[in-house]
Amino acid sequence: MYFSKDEILELKSGEKYLVLNSTTINQKEYYKIRKLNEKMDELIGGPKYISALKINDHLVIEDNLEQSIITELKDIFESSH
């Protein structure tokens with residue numbers, strides 16, 4: 001895993017997200033994240049799902065996942081509670 005649960009990710013845009021959960025499917029890392037407000041004391045909006053893959057020593061993050069993957073991730077993350 002590239003990110004661990006409860007880790008805060010900061011995007012180039014300055015937005016911050018909390019990692020809620022993670023899993024691996026077909027050698028690709030997937031994460032359930034939620035956006036943090038500016039004070040970083042409250043989660044806002046619903047969860048998002050992203051993937052991360054290392055390519056040529058660069059970490060590539062994708063947030064435009066296929067619906068079938070999102071459905072599978074929801075099932076995995078819900079069953080892990």
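Student: Which residues make the nonpolar surface patch of about 250 Å²?

Tutor: Good place to begin, and please keep in mind that this is a predicted model. One member of the patch is leucine 59, which sits in strand β5, residues 58-62. Leucine 59 counts as partly exposed, because its relative accessibility is 38%. The full set making this patch is Tyr2, Leu59 and Ile61.

Student: Thanks! How many salt bridges does the structure hold?

Tutor: A salt bridge needs a side-chain nitrogen of Lys or Arg within 4 Å of a carboxyl oxygen of Asp or Glu. Lysine 16 and glutamate 10 form one of these pairs, at 3.6 Å from N to O. The structure's total is 4.

Student: In that pair, is glutamate 10 buried or exposed?

Tutor: Let's look at both partners. Lysine 16 has a relative accessible area of 24%, so it is partly exposed. The value for glutamate 10 is 54%, and exposed means over 50%. Glutamate 10 is therefore exposed.

Student: Which residue forms a salt bridge with glutamate 15?

Tutor: Glutamate 15 lies in the loop between β1 (8-10) and β2 (16-25), and its partner is in strand β3 (residues 28-36), so the pair ties together parts that are 20 residues apart in sequence. The closest N and O atoms are 2.9 Å apart. Glutamate 15 is partly exposed at 30%, and the partner is partly exposed at 27%. That partner is lysine 35.

Student: How many residues apart in sequence are the parts that glutamate 62 and lysine 28 tie together?

Tutor: The side chains of glutamate 62 and lysine 28 meet in a salt bridge of 3.4 Å, N to O. Glutamate 62 belongs to strand β5 and lysine 28 to strand β3, so the bridge ties together two separate strands. Both residues are partly exposed, glutamate 62 at 31% and lysine 28 at 22%. The parts they join are 34 residues apart in sequence.

Student: What is the nearest side chain of opposite charge to glutamate 29?

Tutor: Glutamate 29 is placed in strand β3. This residue is buried yet has no salt bridge. The nearest side chain of opposite charge is 11 Å away, and it belongs to lysine 28.

Student: Then which side chain does glutamate 29 join in a polar contact of 2.8 Å?

Tutor: Start with its surroundings, leaving aside residues up to four places away in sequence. Glutamate 29 touches several residues, including Met1, Tyr2, Ile50, Ser51 and Ala52. Thr23 and Thr24 are also among them. The polar contact of 2.8 Å is made with the side chain of threonine 24.

Conventions: Residues numbered from 1 in each chain as written. Predicted model: local features only at pLDDT ≥ 70, side-chain atom pairs only at ≥ 80, totals over all residues. Heavy atoms only, no water. Patch = residues over 30% accessible without salt bridge, like charges linked within 9 Å, V, L, I, M, F, W, Y side chains within 5 Å. Areas by Shrake-Rupley, 256 points an atom, 1.4 Å probe, with all protein chains shown as cover. Helix = DSSP H or I, 4+ residues; strand = E, 2+ residues; numbered from the N terminus. Buried < 20%, exposed > 50% of the residue type's maximum accessible area, 1.4 Å probe, protein only. Lys, Arg positive; Asp, Glu negative; His and termini not counted. Polar contact = N/O pair within 3.5 Å; in protein donor to acceptor, adjacent residues only side chain to side chain. Contact = heavy atoms within 4.5 Å.
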